[in-house]
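Student: Please take a close look at one part of this model. Then work outward to the parts around it, and give the cut-off for each term as it comes up.

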Amino acid sequence: MQGSRAAQFELYKLYAKAMYNVALRILNYEEEAEDVLQEAFLDAFTRIVDFRQETTFGLWLKQIVINKSINYLRKRRMEFVSTDEISEVPDEDSFDYSEMQLQAEEIRQAIIQLPDGYRVVLSLYLLEGYDHEEIAHILKISENTSRTQYMRAKKKLKSILEMKGMRDE
Amino acid sequence: MNNRLETFVKENRKAFDIMEPSADLWAKIEQDLDHKKKKKPVKLYLWMSAAAAVVVVFGLVWLYVGKLQNKDLEIADVSASYAKKEVHFTGLITEKRDSLAIFASANPELYKKFTADLRKLDEDYEKLKAELPTSPNQTFVVKAMVKNREIQLQLLKQQLLIINQVDDYKRVNQI
């Protein structure tokens, strides 16, 4: 069992940082993200027998982390679809970033400022690489909702970045 | 042009994973793992101790039975040739006893007396058998046991003879 503990630590070292960022993007709270990380690794290590090599360990772990993070969000009574905004359809150029000088750190900061629903969908799509079908499945919303939420998130993100740009100038 | 943001993020993906979890997080996970591991062995130990208890009980019973059997030292354990003799005698004795029992119905009084004599010899035999395991001279005891059987056989032969004669006498008298 000592050898397996060393192996577990290797896996932790390999994935902890990436998984922590995944959880943090969804939750926006460092404490909760760490709780999720702790639970996720514990789950993964104790259920490692269930892990079939259909995917990589990293993807499997990521799924656990995301599911746990979403559950934490739900505990906060977060609603993924806010009905009052459903009629609002973003226009084309609102998510056109072509004229902007993009900087990773600024985008990262801007994502943090997004409301929960936007941030989660945008993070899952833009950073975790899930498509709308998968996001719909994870969040138990329709694919269409995922799409419109993403577009709105992008629009909002742009406006945050623009505001920041104006402040900086 | 529409997916400039997506392309940018893809190209700079690493720049978005810059936050670090606390340094002591692994220690917490390790603690949890130890805790979980401890729980399982408890169940395992419970099982193992139950199994061990069963084994111990069986072992004790086996030893006890073994001791009892050791006490029941047989003639064969001392001398094979005497044992053969004894078996031979015992076989004949049973045979004769059966024959005697057949005649017994005609002479119940006599049969009772005969069986009393035989019982006395049998008791002696059992006494000898009980002495055997602790006796300093086991060959001597075995000899005595075989002799006892021989006497039983002789006695039975005589008893059969007597019963036969009594029967003959009775038949003659009836005629």
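**A helix and its surroundings**

Tutor: In helix 3 of chain A, the buried residues are A:L61, A:K62, A:V65, A:I66, A:K68, A:S69, A:I70 and A:L73. Buried means that 20 or more other C-beta atoms lie within 10 Å of the residue's own; 12 or fewer make it exposed, anything in between partly exposed, and the C-beta atoms are placed from the backbone. Helices here are DSSP runs of H or I with at least four residues, strands are runs of E with at least two, and both are numbered from the N terminus. This is a predicted model, in which local features need pLDDT of at least 70 and side-chain atom pairs count only at pLDDT 80 or more, while totals for chains, interfaces and linings use all residues. Residues are numbered from 1 along each chain as its sequence is written, and chains are lettered from A and ligands numbered from 1 in the order in which they are written.

Helix 3 of chain A covers residues 57-75, and its end C-alpha atoms are 27 Å apart; this agrees with the 27 Å expected for 19 residues at 1.5 Å a residue. The expected span is 1.5 Å times one less than the number of residues.

After helix 3 of chain A comes A:R77, with a positive phi near 60°. Most residues other than glycine have a negative phi. Two loops of chain A hold further exceptions. A:N28, in the loop between helix 1 and helix 2 of chain A, has a phi near 70°. A:N28 is partly exposed because 17 other C-beta atoms lie within 10 Å. A:K140, in the loop between helix 6 (132-139) and helix 7 of chain A, has a positive phi of about 55°. A:K140 has 9 C-beta neighbours inside 10 Å and therefore counts as exposed.

Next, a helix pair in chain A. The axes of helix 4 and helix 7 (residues 143-168) of chain A come within 9 Å and cross at roughly 120°. Axes are lines fitted to C-alpha atoms, for helices over the stretch in contact, with angles from 0 to 180 degrees between N-to-C directions. The angle makes helix 4 of chain A oblique to helix 7 of chain A; under 35 degrees counts as roughly parallel, over 145 as roughly antiparallel, 65 to 115 as roughly perpendicular, and the rest as oblique. The crossing of these two helices of chain A is right-handed, that is, the near helix is turned clockwise from the far one by less than a right angle, whereas anticlockwise would be left-handed. A:E106, A:A110, A:I111 and A:Q113 of helix 4 of chain A meet A:L157, A:I160, A:L161 and A:K164 of helix 7 of chain A.

Helix 4 of chain A (104-113) also has a part in the interface. There, 25 residues of chain A are in contact with 22 residues of chain B; contact means C-beta atoms, placed from the backbone, within 7 Å. Helix 1 (2-27), helix 2 (30-46), helix 4 (104-113) and helix 5 (116-127) of chain A each supply at least two residues to the side that touches chain B. Helix 1 of chain A gives the most, with 8 residues.

Across the interface, chain B has 6 helices and 0 strands. Buried residues make up 12% of the 175 residues in chain B.

Methods. Two residues are in contact if their C-beta atoms, placed from the backbone, lie within 7 Å.
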